[in-house]
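Reader: I would like a close look at one part of this structure, the places where charged side chains meet. Please take one pair first, and then show me what surrounds it.

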Amino acid sequence: SWQPIEYLGIVKGGHKSQDIFIVAINGKQSLLRKGQTKDSITLVNGTKKSLTLRYKNHQKRFERKQ
């Protein structure tokens, strides 16, 4: 089962590969780039509207919190 996750926003880098995403995992904010892992959750892909995360070989999409 997935931990509570919220997508809070994005910090734009000079290139798309440098974008940093603000994600709250279990209430703790983390800054992740594409391919980085935190608490066994890997950021697969992200846009300004949504994120795709992988946890235990399952992928799930999260919409940005308004």
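Author: In this predicted model, the side chains of Lys12 and Asp19 form a salt bridge, with 3.7 Å from N to O. The two partners differ in how much of them can be reached from outside. Lys12 has a relative accessible area of 61% and is exposed, because anything over 50% is given that name. Asp19 has a relative accessibility of 5% and counts as buried, because that value is under the 20% limit. In general, side chains of opposite charge can pair when their charged atoms come close.

The pair just described is one of three salt bridges in the structure. Another joins the side chains of Lys65 and Glu6, at 2.7 Å from N to O. Lys65 lies in the segment after β7 and Glu6 lies in strand β1, so this pair ties together parts that are 59 residues apart in sequence. Lys65 is partly exposed at 48% relative accessibility. Glu6, with a relative accessible area of 34%, is partly exposed as well. A further salt bridge links the side chains of Arg61 and Glu63, at 2.8 Å from N to O. Arg61 is exposed, with a relative accessible area of 54%.

Now to the strands around these pairs. The protein has zero helices and seven strands, so read from the N terminus its elements are simply β-β-β-β-β-β-β. Three of the strands make an open sheet in the order β1-β2-β3, and their pairing is antiparallel. Its edge strands are β1 and β3 (28-32), each of which pairs on one side only. On average, neighbouring strands of this sheet are turned by 25° against each other, direction ignored. Between β2 and β3, which run antiparallel, there are five bridges. One place to look is Ile22, whose bridge partner in β3 is Leu31.

Four strands form another open sheet, with the order β4-β5-β6-β7 and antiparallel pairing. Here the edges are β4 (37-38) and β7 (58-63), and each pairs on one side only. It can be followed strand by strand. β4 and β5 (residues 41-46) are paired antiparallel over two bridges, and Lys38 stands opposite Ile41 in β5. Two residues lie between the strands in the hairpin of β4 and β5, where Asp39 takes a positive phi near 55°. The next pairing, of β5 with β6, is antiparallel over five bridges. Ile41 appears again here, standing opposite Tyr55 in β6. The hairpin that joins β5 to β6 passes through three residues. Strand β6 (residues 50-55) is then joined to β7 by six bridges, and these two strands run antiparallel. Within that pairing, Arg54 has Gln59 in β7 as its bridge partner. As a general point, the side chains of a regular strand alternate between the two faces of the sheet.

The nonpolar side chains come next. The largest nonpolar core has 12 residues in all, including Ile5, Tyr7, Phe21, Val23, Leu43, Leu51 and Phe62. Ile41 and Tyr55, met above as opposite residues, also belong to this core. The elements that give two or more residues to the core are β1 (5-11), β2 (20-25), β5 and β6. Ile5 shows how such a residue is surrounded. Leaving aside its neighbours within four places in sequence, Ile5 is in contact with Val23, Ala24, Ile25, Ile41, Leu53 and Phe62.

Some values for the whole protein complete the picture. Buried residues make up 30% of its 66 residues, and Asp19, from the pair at the start, counts as buried. Among contacts between residues at least 6 apart in sequence, 26% join residues at least 24 apart. The C-alpha trace spans about 35 × 25 × 15 Å along its principal axes. The radius of gyration is 11 Å, which agrees with the value near 11 Å that a compact globule of 66 residues would have.

Key:
Residues are numbered from 1 along each chain as its sequence is written. This is a predicted model: local features need pLDDT of at least 70, side-chain atom pairs count only at pLDDT 80 or more; totals for chains, interfaces and linings use all residues. Side-chain values use heavy atoms; hydrogens and water are left out. Two strands pair if DSSP finds at least two bridges between them. A nonpolar core is a set of buried Ala, Val, Leu, Ile, Met, Phe, Trp, Tyr and Cys residues joined through side-chain atoms within 4.5 Å. Buried means under 20% relative accessible area, exposed over 50%, partly exposed in between (1.4 Å probe, protein chains only). Contact means heavy atoms within 4.5 Å. A salt bridge is a side-chain nitrogen of Lys or Arg within 4 Å of a carboxyl oxygen of Asp or Glu. Axes are lines fitted to C-alpha atoms, for helices over the stretch in contact, and angles run from 0 to 180 degrees between N-to-C directions. The radius of gyration is taken over C-alpha atoms; the globule rule is 2.2 Å times the number of residues to the power 0.38.
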